[in-house]
Amino acid sequence: MKELILISIGIGIKSLIFIIGMFLLAAYLTLIERKFAGHVQQRPGPLHVGFHGLLQPIADALKVLTKEDIVPNFVDKYLFYLASLMAFVPAIMILAVIPFGEPINIFGYEIKPYISDVNVGLILALAFGSISIYGVIFAGWASNSKYPMIGGLRKAAVLIGYEVALGFALVGPIMLAGTFSLREIVEAQQGFFGAFIWYQPLAFIVFLFSILAETGRTPFDVQEAEAELVAGYNTEYSGMKFGLFPLAEWYIATFVLSAIAVILFFGGWNGPHIFGPISPYIWFLAKLFLVFMFLLWVHWTLPRYRVDQITEIAWKVMLPLTFINIFITAIIVIIKG
Amino acid sequence: MVKVKYVARPKLSNMERIFFIDFIHGLKTTFKNLLRKTITTRYPYEKLTPPKRFRGTHAHRVKDGKEPPSFVVLEKFMEIHEGESRCVACYMCQQACPIPSLFRIEAEQLPNGKKRVTRFDMNLLNCLYCGLCVDACPVDCIIMTDEFENASDKRADCVIHMDDMCERGVSFDRRRYNEPDRIWIDDKAREKLWGQIKWTYTQ
Ligand code: SF4
Ligand code: SF4
């Protein structure tokens, strides 16, 4: 009994640290994105709040928190409130299964840099990812307005296609590692050429496209296509409820999906031990940052696909590619025993 | 006749399709831009001087001896002293304006038979800064200056009157009357942004 209480307290503290850390991180990811987008377009981005805009995320957070929260008259109130949570909570829950490194010993205590190491971690991450779609669809439906409706439906169409491709793309690395646990998948990739990206390039490309589609970044940002849909499914939202959607979708979801990409394809925290005992964390965060920056780079480069083209790519290109990938991987696994 | 030019969509080869060559080209372009210097100005701290032709806040030129001949013709009917607005209240600017109601121009006849402008107000909230009024003025009186910071938190501040327009005109002429009339302040800046102009004939 005592042990159970201790474990739950430990997990509670760890979750709190993860959630608060994620909030701060997401706030600063907005700054990184704005700086990056600015310089890509030859403007400096936030510049005046703090040194080169370093305090801008805090100012933005204060602004969005203190803004008047308007709920339109004819919305479905219950779903309207639920939607913003539905989009946000599952996205942050994926963090529960993402390992950031190996367990380390500090002062005789074993500290595990992950909340839980369940043996179906990957499936759990996928499931949470799918739940957050409901947030978007609810938001579109509950708003009782045409632009959110169209945006929500588009997002649903895109996501259904790419969830399937994403699921099948993950099968390749899982077959190679022989496990669903994210920690064990990392342990299966030792050395520079042990990373699964060398064996699973097809799966990686499909996974990359799926991340872009899942998180609504260009070239797949049809659901919020500013030029056509005002802001897409969150048009009727305001205040912090509005802030939660981009936070969940553009930053937290992108971040955790990049983390999964790093774990599945880039060997997680594996890397030469050149920074002493903290080198696993540094490797993991460095890889994560590079993947995230690559996604930003793609976002601020490409124009947007048409809706029909997006679903067409999902079903006609990406899905067959994953099947080919699974087939080839299966043959190799059988041959190598 | 409007001429339509059809441009065929470039055909992608299979190589380009499979290896996302276009994506990579685009990524290369944005990366190059990322390394370039920014081209913005830090506005409240650093202000650009607009070119002389800039269409900013309106002003009146005053009678200062540089009037066009048309003013000399009209002058004998007018009660205008040195240093006062050269407006002859001909209403041409109001006629030319797409939103005539933003002008309030009034004039009276003095006992000596001459005409004097008593009121010339413009509500710049309605103005679209097209510059038609400037072109219409027969005596080169109403002009547009390089002042562009005319935002205010009171509507009343956005209505300009004859006296402050005269002041602005005097200051504008003092600063920039002799400057050559050109769109870009200096050719170097223009060439850097738009390349060299190639005239097909020589004047
Ligand atoms: S600039 Fe155009 S809109 Fe403004 S007062 Fe002159 S004519 Fe009217
Ligand atoms: S056109 Fe010129 S002279 Fe005539 S009323 Fe307008 S400002 Fe005065």
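This passage describes the surroundings of two ligands and the internal cavities in a predicted model.

The surroundings of ligand 1 comprise 15 residues, of which Cys97(B), Cys127(B), Cys130(B), Gly131(B) and Cys133(B) come nearest. In terms of residue class, 13 members of this shell are nonpolar and two are polar, while no charged residue is present.

Around ligand 2 there are 13 residues, and those that come nearest are Cys87(B), Cys90(B), Tyr91(B), Cys93(B) and Cys137(B). The shell of ligand 2 is made up of 13 nonpolar residues, with no polar and no charged residues.

Empty space within the protein was examined next. Rolling a probe the size of a water molecule over the atoms shows where such space is left. Across the whole structure, five cavities of 30 Å³ or more were found. The largest cavity holds about 210 Å³ of space. Its lining consists of 20 residues, and Gly129(A), Ser132(A), Glu214(A), Glu249(A) and Ala253(A) are the closest to the centre of the cavity.

Several helices of chain A contribute to this lining. At least two lining residues of the largest cavity are supplied by each of helix H3 (77–93), helix H4 (121–142), helix H5 (146–177) and helix H9 (239–265) of chain A. The greatest contribution to the lining is that of H9(A), which provides six residues. Sorted by class, the residues lining the largest cavity are 14 nonpolar, three polar and three charged. Charged residues are thus represented in the lining of the largest cavity, whereas the shell around ligand 1 has no charged residues and the shell around ligand 2 likewise has no charged residues.

Notes: Residues are numbered from 1 along each chain as its sequence is written. Chains are lettered from A and ligands numbered from 1 in the order in which they are written. This is a predicted model: local features need pLDDT of at least 70, side-chain atom pairs count only at pLDDT 80 or more; totals for chains, interfaces and linings use all residues. Side-chain values use heavy atoms; hydrogens and water are left out. A residue is near a molecule or strand if one of its heavy atoms lies within 4 Å of it. Ala, Val, Leu, Ile, Met, Phe, Trp, Tyr, Cys and Pro count as nonpolar, Asp, Glu, Lys and Arg as charged, and the others, Gly among them, as polar. On a 1 Å grid over the protein atoms alone, a cavity is a set of points where a 1.4 Å probe fits but cannot get out, and a pocket is an open set with protein on both sides within 12 Å along at least five of seven lines; lining residues have an atom within 4 Å of a point. Grid points are joined across faces, edges and corners, and a volume is the space filled by probe spheres set on the points. Helices (H or I, at least four residues) and strands (E, at least two) are DSSP runs, numbered from the N terminus.
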